[in-house]
Amino acid sequence: MIRLVSHRPIPRLVRALLHAASAPGRSSRPVHAPTLAPPGHDQDLTFDMIDSDTLSRLRRWGLKPVQMQAAAAAMAADPEARLLRVTQVQREGLLVHDGTGEGPARLLPALRHALDAEGDAIACGDWVLARDDGHGTRWTFERLAPLTQLTRRLHDGRDKVTRVVIVSNVDTALLVMGLDGDFSLRRLERFVALARLAGVEPVVVLTKADLCAEAEARAAQVRALVGPGVPVCALDARSAAAAQALAPWLAEGQTLVLVGSSGTGKSTLTNTLAGHEVADTGGQRKGDGRGRHTTTVRTLHGTPEGACLVDTPGLRTLRLDGDPLALDAVFDDIAKLAAQCRFRDCRHEGEPGCAVREAVPAARLKNFHKLQREARRDQITALERKVEVAQWKARARHARVRMAAKRG
Ligand SMILES: Nc1nc2c(ncn2[C@@H]2O[C@H](COP(=O)(O)OP(=O)(O)OP(=O)(O)O)[C@@H](O)[C@H]2O)c(=O)[nH]1
Ligand SMILES: [Mg+2]
Ligand SMILES: [Zn+2]
């Protein structure tokens with residue numbers, strides 16, 4: 001329960017937010033349904049009704065109770081603030097949705113810098129607060145803490161590693177892989193780890209089942225790799241059956257992201273699930289069966305069921321954003337088996353009495369080792385950079401002191 005200390009009247013939407021966020025057991029239902037006012041109701045209830053509508057629209061766009069509370073607290077302090085969902089991050093600004101329609105917004109530089117200083121950034125799917133400046137421009141001044149963030153690392157080719165936020169606030173990651181030349185179990189394992197590191201439910205979607213004679217056999221291979229905890233569907237992304245197969249994850253208020261290589265059918269599937277053409281789709285390059293990188297920006301779309309879909313550009317490479325310990329947690333079957341290895345510090349690389357090598361398929365173990373090596377290397381790079389920055393700052397300080405001494 002949030003307590004407000006404010007001399008200003010509490011704005012209508014805030015009251016509705018607080019009401020909804022504090023009502024026990026009602027968090028997953030639209031708020032307006034059970035509060036129909038009796039005849040002769042007072043003005044307050046009417047106001048609450050109007051705002052409950054706004055609220056249920058925002059819920060349809062993926063707003064969760066915890067974020068409602070955070071928003072209510074922030075909006076109580078600023079009645080002019082509007083709660084919006086970022087549907088696209090553009091070079092200069094944002095596209096945002098207020099539950100009714102989509103429009104442009106700008107990002108206050110102070111917010112951009114504050115996030116940047118923490119290796120963070122506004123991403124598609126974020127919930128933000130914005131204020132109109134009176135001249136028709138909406139300025140985003142606050143970002144609500146994301147419940148989940150899918151992130152990856154980018155290398156500049158030398159030693160600089162940056163953290164890239166792919167998408168925020170998603171419930172499910174559809175890991176889209178083609179049953180054509182794109183099929184790779186090793187790459188899929190990386191994508192499963194991407195979702196798990198973010199605490200997002202992975203669902204494997206094997207597209208182009210119509211083009212593959214052994215679709216079921218390959219799906220079985222994938223199931224053996226990912227285990228019973230990860231659902232696997234093989235489908236034709238263009239067919240209505242695809243929407244039926246994925247219906248369990250498309251309930252109202254759910255947000256899904258589609259990730260995978262280029263040309264695998266992410267935008268095709270987005271269009272099928274959205275019920276009409278919302279995203280451009282492309283062909284494939286001749287010869288290698290790879291995609292053409294048709295989608296260039298991450299975009300959030302709505303579905304008729306009230307779910308949100310984030311279509312993303314195909315990833316050329318995927319470097320995970322997790323330290324070695326986080327990766328251990330993702331590959332928890334290996335961690336469990338490691339307890340039975342003869343040596344406590346067994347690296348599962350040829351030591352006698354290794355329970356992991358005995359039970360885990362060699363290819364999976366090799367992949368695990370590779371991901372661990374990458375994570376360790378990135379960790380070292382990050383540490384080295386910190387030391388470097390500290391040394392540089394110290395040198396700059398000395399120089400300033402020397403200059404001041406010279407000037408006397
Ligand atoms: N036969 C068949 N073709 C498909 C299927 N899924 C996608 N395609 C085709 O594959 C091509 C690429 O599809 P897109 O949806 O543009 O792929 P994408 O993953 O969005 O690619 P990027 O935007 O480049 O990342 C298009 O020509 C689609 O029609 C499928 O399940 N079956
Ligand atoms: Mg696309
Ligand atoms: Zn071992």
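Student: How many residues of helix 4 are buried?
Tutor: The count is 0 among its 9 residues, 109-117, so to speak of helix 4 as hardly covered is fair. Buried here means 20 or more other C-beta atoms within 10 Å of a residue's own, with C-beta atoms placed from the backbone. Helices are DSSP runs of H or I with at least four residues, strands are E runs of at least two, and both are numbered from the N terminus.

Student: What follows helix 4?
Tutor: Gly119, with a positive phi near 70°.

Student: Okay, and what kind of model is this?
Tutor: A predicted one, where local features need pLDDT of at least 70 and side-chain atom pairs count only at pLDDT 80 or more, while totals for chains, interfaces and linings use all residues. Residues are numbered from 1 along each chain as its sequence is written, and chains are lettered from A and ligands numbered from 1 in the order in which they are written.

Student: How many helices and strands are in the chain?
Tutor: The chain has 12 helices and 14 strands. Of its 408 residues, 36% are buried.

Student: New topic: how do strand 12 and strand 13 pair?
Tutor: Strand 12 (residues 299-302) and strand 13 (residues 308-311) are antiparallel, with 4 bridges; pairing takes at least two bridges found by DSSP. Leu300 has Val310 as its bridge partner.

Student: And which residue in their hairpin has a positive phi?
Tutor: Gly306, near 95°, in a hairpin with 5 residues between the strands.

Technical notes:
A residue is buried if 20 or more other C-beta atoms lie within 10 Å of its own, exposed if 12 or fewer, and partly exposed in between; C-beta atoms are placed from the backbone.
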